[in-house]
Amino acid sequence: MAEAVRAARATVSSAAARGPRRARLFVKRIDPWSVMKFSFAVAFVLFFVAIVATAVLYLALDAMGVWESVNKALADMLGATGAKNGFKVTAVGVIGAAGVLGLVNVVLFTALATLSAFIYNVCADLVGGIEVTLSEKD
């Protein structure tokens, strides 16, 4: 038993004297399918965050009476031109517009991230990829 403890201590002390281990890795390929799935998930979560933030901001501004003032100003401006149906800022319109913009963002973010993975793979074939050095703490 004592010999096993001495051998373990000797191994640990030799590793400590040697310094931290380092490993050099090259990122030569990124799977576009994985990038697409991950970027879609991130964009979808950001879509819901944007919808909730828009709703909260709309409700806060509505509580302060901002939308009543804006709708009154729009009615005064559009009423002078003879328009019968004036434009009104409503919760459905604001949150709906945020939803449409969010869906466009989900599609574009997913497509651009996937395209970026393809472009990276082509560039990595030409230059060898990105070198990453991993090491233990000192």
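Me: Which residues make up the largest nonpolar core?
Reply: Happy to help you find your way around! This is a predicted model. Its largest nonpolar core has 5 residues. They are Ala43, Phe47, Ile51, Ala98 and Val106.

Me: Which element gives the largest share of this core?
Reply: Two elements, helix 2 and helix 4, each give two or more residues to the core. The largest share is 3 residues, and the element they come from is helix 2.

Me: Which residues is Ala98 in contact with, leaving aside its neighbours within four places in sequence?
Reply: Ala98 is one of the buried residues of helix 4, and it belongs to the core as well. Leaving aside neighbours within four places in sequence, its contacts are Ile51 and Thr54.

Me: How far apart are the end C-alpha atoms of helix 4?
Reply: Helix 4 covers residues 91–127, which is 37 residues. At 1.5 Å a residue, the helix should span 54 Å. The distance in the model agrees with that, at 52 Å.

Me: Is Thr114 buried or exposed?
Reply: Thr114 lies in helix 4. Buried means under 20% relative accessible area. Thr114 has 14% relative accessibility, so it counts as buried.

Me: Which elements do the buried residues of helix 4 pack against?
Reply: The buried residues of helix 4 include Gly99, Gly102 and Thr114. Leaving aside neighbours within four places in sequence, Thr114 is in contact with Pro32, Val35 and Met36. For the buried residues of helix 4, the packing partners are strand 1 (22–27), helix 2 (32–63) and strand 2 (130–135).

Definitions and conventions: Residues numbered from 1 in each chain as written. Predicted model: local features only at pLDDT ≥ 70, side-chain atom pairs only at ≥ 80, totals over all residues. Heavy atoms only, no water. Helix = DSSP H or I, 4+ residues; strand = E, 2+ residues; numbered from the N terminus. Expected span 1.5 Å × (residues − 1). Buried < 20%, exposed > 50% of the residue type's maximum accessible area, 1.4 Å probe, protein only. Contact = heavy atoms within 4.5 Å. Core = buried A, V, L, I, M, F, W, Y, C linked by side-chain atoms within 4.5 Å.
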